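Visitor: I'd like a close look at a single part of this protein, one helix and whatever it meets. Could you walk me through it and then show me how it sits in the rest of the model?

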Amino acid sequence: MKGLYLADAPFGDLVGAFKLFYEARKINPYSSRTLNYLSLILLDLDLYPTSKKYARISQMRYQENYGSYLLTT
């Protein structure tokens, strides 16, 4: 995924990575991987309320995945 390379590189382009994952979410709105990465990138961008929104969507959709509960505490 190109978005991960953008976000992870030294001095990564978090905004560019967010745009790629947001476009991926338009194609597949309930992909657990996309929702998780969106939440993590938004936390790095200090957009906590929006990150929490995507984490809650992930929690509602994938209740058996306990990793998403760590994002909203």
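**A close look at helix H3**

Guide: Let's start with the length of helix H3, residues 32–44. With 13 residues at 1.5 Å each, H3 should span 18 Å, and its end C-alpha atoms are 19 Å apart, so the expected and computed values agree. Keep in mind that this is a predicted model, so everything here is read off predicted coordinates.

Which residues of H3 are buried? They are Thr-34, Leu-35, Leu-38, Ser-39, Ile-41 and Leu-42. Take Thr-34 as a sample from H3. Its relative accessible area is 5%, and because buried means under 20%, Thr-34 counts as buried. Leaving aside residues up to four places away in sequence, Thr-34 touches Phe-21, Ala-24 and Arg-25.

Phe-21 comes up again when you look at the rings. The structure has 2 aromatic pairs. One of them is Phe-21 with Tyr-37: the ring centres are 5.3 Å apart and the planes meet at 40°, so this pair is tilted. The pair ties together distant parts of the chain, with Phe-21 in helix H2 (residues 14–27) and Tyr-37 in H3, 16 residues apart. How exposed or buried are the two partners? Phe-21 is buried, at a relative accessible area of 2%, whereas Tyr-37 is partly exposed at 23%.

Ile-41, another of the buried residues of H3, takes us to helix H1, residues 2–8, where Ala-7 is found. Not counting residues up to four places away in sequence, Ala-7 touches Ile-41 along with Gly-12, Asp-13, Leu-14 and Ala-17. Ala-7 itself is partly exposed, with a relative accessible area of 25%. As for Ala-17, its C-alpha atom is 5.7 Å from that of Ala-7, although the two residues are 10 apart along the chain.

Now follow the chain out of H3. After the helix comes Asp-46, with a positive phi. What is phi of Asp-46 near? The value is near 60°, and it is a positive one in a residue other than glycine. Asp-46 is found in the loop between H3 and H4, and at 67% relative accessibility it counts as exposed.

On the other side of that loop is helix H4, residues 48–61. Do the same length check there: 14 residues at 1.5 Å each should span 20 Å, and the end C-alpha atoms are 20 Å apart, so that agrees too. The buried residues of H4 are Ser-51, Tyr-54, Ala-55, Ile-57, Ser-58 and Gln-59. What do they pack against? They pack against H2 and H3, which brings us back to the helix you asked about.

H4 also has a couple of charge-over-ring arrangements to look at. The charged end of Lys-53 sits over the ring of Tyr-54, 5.2 Å from the ring centre. Tyr-54 is one of the buried residues of H4. In the second arrangement, the charged end of Arg-61 sits over the ring of Tyr-30, and there the distance to the centre is 4.5 Å.

Since H2 keeps turning up, here is one more contact from that helix. Side chains of opposite charge can pair when their charged atoms come close. How many salt bridges does a search of the whole structure find? It finds 1. The side chains of Lys-26 and Glu-23 meet in a salt bridge, at 3.4 Å from N to O. Both residues are in H2, and because they are 3 residues apart there, about one helical turn separates them. Lys-26 counts as exposed, at 53% relative accessibility, while Glu-23 counts as partly exposed at 43%.

Finally, zoom out. The protein has 4 helices and 0 strands, and read along the sequence the pattern is α-α-α-α. Of its 73 residues, 30% are buried. Taking contacts between residues at least 6 apart in sequence, 35% join residues at least 24 apart. The protein exposes about 5,000 Å², and carbon and sulfur atoms supply 57% of that area.

So, to place H3 in the picture: Phe-21 of H2 and Tyr-37 of H3 form a pair of rings, Ala-7 touches Ile-41, and the buried residues of H4 pack against H3 as well as H2.

Methods:
Residues numbered from 1 in each chain as written. Predicted model: local features only at pLDDT ≥ 70, side-chain atom pairs only at ≥ 80, totals over all residues. Heavy atoms only, no water. Helix = DSSP H or I, 4+ residues; strand = E, 2+ residues; numbered from the N terminus. Buried < 20%, exposed > 50% of the residue type's maximum accessible area, 1.4 Å probe, protein only. Contact = heavy atoms within 4.5 Å. Expected span 1.5 Å × (residues − 1). Phe/Tyr/Trp six-rings, centres within 6.5 Å; stacked < 30°, edge-to-face > 60°. Lys NZ or Arg CZ within 6 Å of the ring centre and 35° of its normal. Salt bridge = Lys/Arg side-chain N within 4 Å of Asp/Glu carboxyl O. Areas by Shrake-Rupley, 256 points an atom, 1.4 Å probe, with all protein chains shown as cover.
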